[in-house]
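User: I work at the bench and want to learn how to read a protein–DNA model. Can you take me through one, feature by feature?

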Protein chains: 2
Amino acid sequence: MYVTLSSESTAANQTLAPSLIFQAPAPQQQQRSYATGTHLFHEGDTANHVYEVKTGVLRLTRVLENGRRQVIAFGLPGDIIGFPNGDAHHTDCDVVATAEIVAHRRSTLETGAGDPETHQRLLHAALREISAMQDHFMMLARKSASEKVASFLLAISNRTGSPRGNFTTFSLPMSRADIADFLGLTVETVSRTFSILRKDGIISLETPQTVLVLDMEALLDASQTDD
Amino acid sequence: MYVTLSSESTAANQTLAPSLIFQAPAPQQQQRSYATGTHLFHEGDTANHVYEVKTGVLRLTRVLENGRRQVIAFGLPGDIIGFPNGDAHHTDCDVVATAEIVAHRRSTLETGAGDPETHQRLLHAALREISAMQDHFMMLARKSASEKVASFLLAISNRTGSPRGNFTTFSLPMSRADIADFLGLTVETVSRTFSILRKDGIISLETPQTVLVLDMEALLDASQTDD
DNA sequence: ACAATCAGTTACAATTTGATACAGTGATGC
DNA sequence: GCATCACTGTATCAAATTGTAACTGATTGT
C-alpha cells in the first residue's frame, strides 16, 4: 500500500513478507536491482507484470496533456504496484531511489494458475491498495496544505523512520516537486510548510532530504489524522 | 423527490448480465431492491459481501472525526463496490436512488471457490476500480473547481445520459452537497459553477436535478479531459 | 576556476475558494 | 391552508493557496 495517510501500512507489510521467504523463487519471481531514474513502465505499455518493492522507492505518475502531473503513489518496501486495467498500464513508473524489485507475472494475479498462494497475496495487495487510495482521497480533497504535509511526513516516518535518541529520523528520497505533485500542492507551498514546521520546532532538516521529527505529538496534531 | 434514472440499464449492465442469466442463482446472488436512504453497510462493519449495482445509484462515503466528509465514489449501474480491506468495510455505503443490487459473497472474490467465473469478474472489477480511482486523483488534486464540475457532468453524461434532439440529458439524483463532497469543493462553489455553465450556454437545468447539455464540445473543453 | 544549472527557499501580489448570510422554491406535516 | 424544513442559488467578504520573481547554496560542465 502506498504512502497514504492511514496507519495500516506497517501491519500489512509484516503480513506480506513471510510467504516469500520459504518459497523457492520461480524465474519470474527473481529479485532484480534497478538504479535511480530507471523506468519500469510507461503509461500505455502492455502490462505483463506487477512489481513488489523489496527495498528502495518507486514513483507512480500520471500526466495531463497540459503538463500537470500527479504522483499517484510512492512504492515503498512491502508495496506491490503496477496493477493493470485491462492489458495496459495506465501510469508511468520509475525509480526514485535504487530499488530491489520482484516482478510477478500478471497471469499470477489474474488466474493464479500454478501459484494460488501468490495469487492470494497479489489479490490482497490490490484490495489494500483500494483502501489506501481511499485514504489518499481524504487527504487530497479534505485537508489543508499544512495538514497534507504533516500527514505525509507522518506516513513516511511510520513506514521508514528510525529512532535517534528520543526523536525519529528518516530520509525523503523524492524531490519537493514529487511531494507537491503527490499532495496536490505547488513546490512553493510545500517548501513554505516545511519552513513553518521547522520554525514551530516540530521538525528539523539536517539536509533538505533528511528529516528529524522533534515533536511527534505536534506533528500528529498538525496532520488531523483520523485515529 | 428523486428523479428516477431513466435509461441507465445500458451498456455496462448488458455486458455484465450474461454470466448470471444462465446460472442457477445461489442465494447470495439474488437481486434485491433497496429504497433511497437504505444503508448497505457502515465503516467498520464486517464485510461479507461486495455489491453489484444493476440499477439505481449508491454512495460510498468516509467521514473525518471533525465532520469533514468525502464521497469516495458513486456506484452506478454496472459498478461493483464495497471491496473490503481485511475483514471490515472502510467506508459507509447508502442508497441515493432506489437500486437493484446483487450481493456477492466475499469469499467468491477472495478464494473463488466454486465459482471461478464470478471470481474473475470481481477481480477485474477491483482492478478497474483502482484505475478509476487514479483518474479521480487527477481530478481532486490537479483540476480547478470549474474543471472538476465539468468533468463530473461529463462522466455522468457518458454513463447515464440519453439523447434529446441534438442535446444530451441526464438526471443528478445526488444532492449538490454530495457532488461537492465528491469533488472536494463546497456546495457554494458547486452552485456557482453550475450557474457559470448555465450563463455560458453550455448546460441548462430543467430542474436542479435535470441537466441538459447544450454544448458538449464546450463542456469537454471546460473539463480539460485527457482524451 | 568560473559560469551555468538546479533544487530549495522566501517574499509579495494575484487569484481562487471558502465562510457567512440571506432569499427563493418545493415538499411535508399539522 | 399555512408553517416548517431541506435544498438550492446568489452576493459579499475573508482566508488560503497559487503565481511570480528573486535569491541562496550545491553541483556540473567547460
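**Reading the DNA side and the pairing of chains**

Analyst: This is a predicted model. Start at the DNA. In this model, 16 residues surround DNA strand D. The closest are Ser144(A), Ala145(A), Thr189(A), Arg176(B) and Ser195(B).

User: Which elements give two or more residues to the surface near DNA strand D?

Analyst: Helix H7 (187-199) of chain A is one of them. Chain B adds helix H6 (176-183) and helix H7 (187-199). H7(B) gives the most, with five residues.

User: What is the make-up of that surface by class?

Analyst: The surface near DNA strand D has six nonpolar, six polar and four charged residues.

User: H6(B) and H7(B) both came up. How do I read a pair of packed helices?

Analyst: Two packed helices are described by the angle between their axes and the distance between the axes. Here H6(B) and H7(B) pack at about 105°, and their axes are 8 Å apart. Angles of 65 to 115 degrees count as roughly perpendicular, so H6(B) is roughly perpendicular to H7(B).

User: Which residues of H6(B) and H7(B) meet?

Analyst: From H6(B), Arg176(B), Ala177(B), Ile179(B) and Ala180(B). From H7(B), Val187(B), Thr189(B), Val190(B) and Ser191(B). By class, this contact has five nonpolar, two polar and one charged residues. Arg176(B) is also among the residues closest to DNA strand D.

User: Now the two protein chains. How is chain B related to chain A?

Analyst: Try laying one copy on the other. A turn of 179° with a shift of 0.0 Å along the axis puts chain B on chain A, with an RMSD of 0.1 Å. That is the relation of a two-fold axis.

User: And how do I read the interface between them?

Analyst: The size of an interface is often given as the accessible area lost when the parts come together. Here, count residues instead. Chain B gives 29 residues and chain A gives 29 residues. On the side of chain B that touches chain A, strand S4 (69-75) and helix H4 (116-142) each give two or more residues. H4(B) has the largest share, 14 residues. By class, that side has 13 nonpolar, nine polar and seven charged residues.

User: Why do the copies meet through the same surface?

Analyst: Because 100% of the interface residues of chain B are also interface residues in chain A.

User: Last, the fold of one chain. What does chain A contain?

Analyst: Chain A has eight helices and 10 strands. Of its 227 residues, 45% are buried. Now look at contacts between residues at least 6 apart in sequence: 69% of these join residues at least 24 apart.

Note on methods. Residues numbered from 1 in each chain as written. Chains lettered and ligands numbered in written order. Predicted model: local features only at pLDDT ≥ 70, side-chain atom pairs only at ≥ 80, totals over all residues. Least-squares fit on C-alpha atoms with pLDDT ≥ 70 in both. Contact = placed C-beta atoms within 7 Å. Helix = DSSP H or I, 4+ residues; strand = E, 2+ residues; numbered from the N terminus. Nonpolar A, V, L, I, M, F, W, Y, C, P; charged D, E, K, R; others polar. Near = placed C-beta within 6 Å. Buried ≥ 20, exposed ≤ 12 C-beta atoms within 10 Å, placed from the backbone. Axes fitted to C-alpha atoms, helices over the stretch in contact; angles between N-to-C directions. Parallel < 35°, antiparallel > 145°, perpendicular 65-115°, else oblique.
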